[in-house]
Amino acid sequence: MNVEILKRSDRRIKFIISGIDTGLANALRRVAKNEVPIMAIEQIDLEQNSSGLYDELLAHRLGLIPFVFDPKIYNPDKRSNEAFVTLEAEGPAVVRASDMKSEDMWPLDNNIPIVELLEGQKLKLQATAILGYGKDHAKWQAAHVGYQNVPIVRVNAEKADTKIVSICPTDVFEKRDGKVRVAREQDCILCMRCVELSDGVTVKAEEDSFIFDLESVSGLNAQNILEQTLDILEERAGEFKKELKKELK
């Protein structure tokens with residue numbers, strides 16, 4: 001197995017894994033997306049809501065706001081994983097995520113609009129955020145994760161039509177000295193438009209190599225999500241090994 005990091009930032013990480021099969025690739029995607037726990041609002045006590053939004057719509061919006069939190073404080077090993085949030089506002093004003101107050105966590109984006117209050121309208125509430133999993137509800141989804149097989153793109157410069165340079169949706173090809181060459185092979189999305197248009201072009205997928213693109217949509221950074229994903233997979237593999245040995249005795 002081999003891993004190569006292509007791009008990395010606080011919110012996103014793109015990498016290649018070689019030497020695995022589709023089953024393991026999909027397991028990595030599903031765990032990162034749905035089984036890394038994050039904090040989100042679950043219960044709301046509305047003391048006052050004279051805004052133009054029904055209570056249910058307001059609660060739904062609040063539940064989908066991502067929060068930054070410390071995984072060392074809030075994690076599945078703790079007995080209590082609740083955080084309390086308060087919000088009080090009076091119009092005229094646009095109530096935003098920054099108006100929510102909590103001791104141990106804060107909104108990922110303070111500018112997320114919640115509701116507009118007109119003159120005389122008021123909003124007052126208390127809410128409880130808890131740890132949850134994306135497999136139970138989208139508000140607990142830690143990341144968007146996609147993968148594809150690593151593309152292998154080859155061009156016969158004598159036969160390839162130069163039109164494939166402009167028709168490729170991800171600019172894989174470039175034109176140099178009147179001929180087509182492959183410039184950004186890893187950007188290929190295997191759409192096969194170039195193959196359909198021109199002779200002299202071959203595109204195929206490397207069956208045991210995958211390009212992963214993980215983007216955090218939660219309060220955790222991309223690296224933290226990936227590290228937790230690997231820990232979960234390692235723990236499950238250990239459990240499977242233990243149970244299998246027990247059955248084989």
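Helices are DSSP runs of H or I with at least four residues, strands are runs of E with at least two, and both are numbered from the N terminus. This is a predicted model: local features need pLDDT of at least 70, side-chain atom pairs count only at pLDDT 80 or more, and totals for chains, interfaces and linings use all residues. Residues are numbered from 1 along each chain as its sequence is written, and side-chain values use heavy atoms, leaving out hydrogens and water.

**Exercise 1. Place E234 and state whether E234 is buried or exposed.**

Step 1. Find the element. E234 sits in helix α5, residues 222-248.

Step 2. Apply the classes. Buried means under 20% relative accessible area, exposed over 50%, and partly exposed in between (1.4 Å probe, protein chains only).

Step 3. Classify. The relative accessible area of E234 is 57%, so E234 is exposed.

Step 4. Look at the surroundings. E234 belongs to a negative surface patch, together with D77, E227, D231, E235 and E239. Patches take residues with over 30% relative accessible area and no salt bridge; like charges are joined within 9 Å, nonpolar side chains (Val, Leu, Ile, Met, Phe, Trp, Tyr) within 5 Å. Asp and Glu count as negative, Lys and Arg as positive; His and the chain ends are not counted.

**Exercise 2. Explain what the salt bridge between E35 and R236 ties together.**

Step 1. Define the bond. A salt bridge is a side-chain nitrogen of Lys or Arg within 4 Å of a carboxyl oxygen of Asp or Glu. The structure holds nine.

Step 2. Check the pair. The N to O distance between E35 and R236 is 2.1 Å.

Step 3. Locate both ends. E35 is in the loop between α1 (22-34) and β3 (38-49) and R236 is in helix α5, so the bridge ties together parts that are 201 residues apart in sequence.

Step 4. Compare exposure. E35 is buried at 16% relative accessibility. R236 is partly exposed at 40%.

**Exercise 3. Describe the salt bridge between E243 and K246, then name the residues of the network that includes R176.**

Step 1. Take the distance. The closest N and O atoms of E243 and K246 are 3.4 Å apart.

Step 2. Use the helix. Both residues lie in α5, three residues apart, about one turn of the helix.

Step 3. Add exposure. E243 is partly exposed at 41%, and K246 is partly exposed at 47%.

Step 4. Turn to the network. Salt bridges with shared partners join E174, R176 and R181. Within it, R176 meets E174 at 2.9 Å, N to O.

**Exercise 4. Work out which residues D199 and G200 touch.**

Step 1. Place them. Both D199 and G200 are in the loop between α4 (193-197) and β13 (201-216).

Step 2. Set the criterion. Contact means heavy atoms within 4.5 Å.

Step 3. List contacts, leaving aside residues up to four places away in sequence. D199 touches K159, A160 and D161. G200 touches R154, V155, N156, K159 and A160.

Step 4. Check distances, C-alpha to C-alpha. D199 and A160 are 39 residues apart in sequence and 5.6 Å apart in space. G200 and I13 are 187 residues apart in sequence and 34 Å apart in space.

Step 5. Classify. D199 is exposed at 62%; G200 is partly exposed at 24%.

**Exercise 5. Identify the backbone features at P92, L190 and M192.**

Step 1. Read omega. At about 5°, the peptide bond joining G91 and P92 is cis. P92 is in the loop between β5 (82-90) and β6 (93-96).

Step 2. Read phi. L190, not a glycine, has a positive phi near 60°. For M192, also not a glycine, phi is positive and near 70°.

Step 3. Place them. L190 lies in the loop between β12 (179-182) and α4, as does M192.

Conventions. Areas by Shrake-Rupley, 256 points an atom, 1.4 Å probe, with all protein chains shown as cover. Charge placed at Lys NZ, Arg CZ, Asp CG, Glu CD.
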